[in-house]
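Biologist: Could you take me through one part of this model up close? I'd like to hear about the largest pocket and the aromatic rings.

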Amino acid sequence: AGVAGRAAENVVAILPGADRRLAGQAIVLGAHFDHLGTGRFGSLAPDSGQIHNGADDNASGTAAVLELARLLSRARPRPARTVVFVLFSGEEEGTLGSAWYADHPAVPMDSTYAYLNFDMVGRLRNGRLLITGARTATEWTALLDSVNAGARFDMHASGDGWGPSDQVSFFAKKRPVLHFFTDLHEDYHRPSDDAEKIGADGIAQV
C-alpha cells in the first residue's frame with residue numbers, strides 16, 4: 001500500500017465496568033478513522049488528485065463511537081462490564097490498526113466478549129440497516145430481533161465475521177462480532193463522499 005515504515009496510531013479509551021464481578025470482561029466498540037488521502041490506493045477515482053474526505057467511510061462510524069462513549073460514560077448505572085472504545089488507523093491498507101490491537105489488546109482477548117464495528121453508518125435510507133456477523137454468537141439473532149422490535153429498522157442480519165473491515169481482526173481471534181453498515185452508494189471511495197450527504201439522525205438511530 002506504499003506505507004511501509006510509516007507510523008500510525010490507534011486511539012483507545014476505557015470505561016471501567018461498574019460490577020466488580022464482571023469488570024474484567026470487556027465489550028469493544030470500534031471504527032476506523034483513516035481514509036484514502038488523495039486516493040492513490042483503493043480509490044474508485046484514482047486519477048482525480050482530489051482529497052477523499054470519507055464522510056461516510058468512515059467519519060460516520062467514528063462519530064458513532066464517540067457518541068456511544070459520551071452516552072455510556074454518563075449512563076447511570078454505568079455498564080456492568082468494561083467498555084473499550086477504539087478508533088483504528090490503517091483499515092484502508094488492510095485492517096492494519098485492528099490487527100495490531102487484536103495482538104495487543106487493552107483487555108485480554110479471552111476476556112473480550114464481543115466486538116461491535118461501525119463502518120459506513122452515515123447514509124441510512126428507508127431504514128435499511130445491514131448487520132454482518134449475526135452467526136458469530138448464538139445469542140445475536142434473538143438479541144437483534146428484540147432490539148429491532150422497538151427500533152423498526154429494515155434490518156438484514158446475516159453472516160460470519162469475515163469481510164473487508166475491522167471486525168475481521170476480532171473474528172480471527174474467535175471473538176463474536178457485529179458489523180453495522182447502511183450499505184454502499186455511488187460516492188464510496190470517491191472524493192464526493194462529503195459531509196453534506198451524511199444523515200446525522202440516521203447515525204443516532206443506528
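Modeller: Here is a walk through the largest pocket, then the rings, with a look at the second largest pocket at the end. Keep in mind that this is a predicted model.

Let's begin with the space itself. The largest pocket holds about 910 Å³, and 34 residues line it. If you want to find its centre on screen, go to L29, L116, F118, L178 and F180, the lining residues that lie nearest to it. The lining draws on many elements: β2 (26–32), α1 (55–74), β4 (112–118), β5 (128–132), α3 (140–151), β7 (177–181) and α5 (200–205) each put in at least two residues. As for chemistry, the lining splits into 29 nonpolar residues, two polar ones and three charged ones.

Now for the rings. The structure has seven aromatic pairs. One of them joins F88 and Y115 edge-to-face, with 6.2 Å from centre to centre and 65° between the planes. F88 sits in strand β3 (residues 82–88) and Y115 in strand β4, so this pair ties together parts that are 27 residues apart in sequence. Both F88 and Y115 are buried.

Another pair takes us back to the pocket: F118 and F180 are stacked, at 5.1 Å centre to centre with 10° between their planes. This pair also links distant parts of the chain, with F118 in strand β4 and F180 in strand β7, 62 residues apart. Both of these rings are among the residues nearest the centre of the largest pocket. F118 has 5% relative accessibility, so it counts as buried. F180 comes out at 10%, so it counts as buried too.

There are two more ring features to click on. F88 and Y115 belong to one aromatic cluster together with Y101 and F170. Separately, R81 lies over the face of Y113, 5.6 Å from the ring centre.

Last, the second largest pocket. It has about 540 Å³ of space and a lining of 26 residues, with A8, S89, G90, E93 and L96 nearest its centre. Helix α2 (residues 96–103) gives the most to this lining, with four residues. Here the lining divides into twelve nonpolar, nine polar and five charged residues.

So if you only have a minute, start at F118 and F180: a stacked pair, with both rings among the lining residues nearest the centre of the largest pocket.

Key: Residues numbered from 1 in each chain as written. Predicted model: local features only at pLDDT ≥ 70, side-chain atom pairs only at ≥ 80, totals over all residues. Heavy atoms only, no water. 1 Å grid on protein atoms, 1.4 Å probe; cavity = no way out; pocket = protein on both sides within 12 Å on 5 of 7 lines; lining within 4 Å. Points joined across faces, edges and corners; volume = space filled by probe spheres on them. Nonpolar A, V, L, I, M, F, W, Y, C, P; charged D, E, K, R; others polar. Phe/Tyr/Trp six-rings, centres within 6.5 Å; stacked < 30°, edge-to-face > 60°. Buried < 20%, exposed > 50% of the residue type's maximum accessible area, 1.4 Å probe, protein only. Lys NZ or Arg CZ within 6 Å of the ring centre and 35° of its normal.
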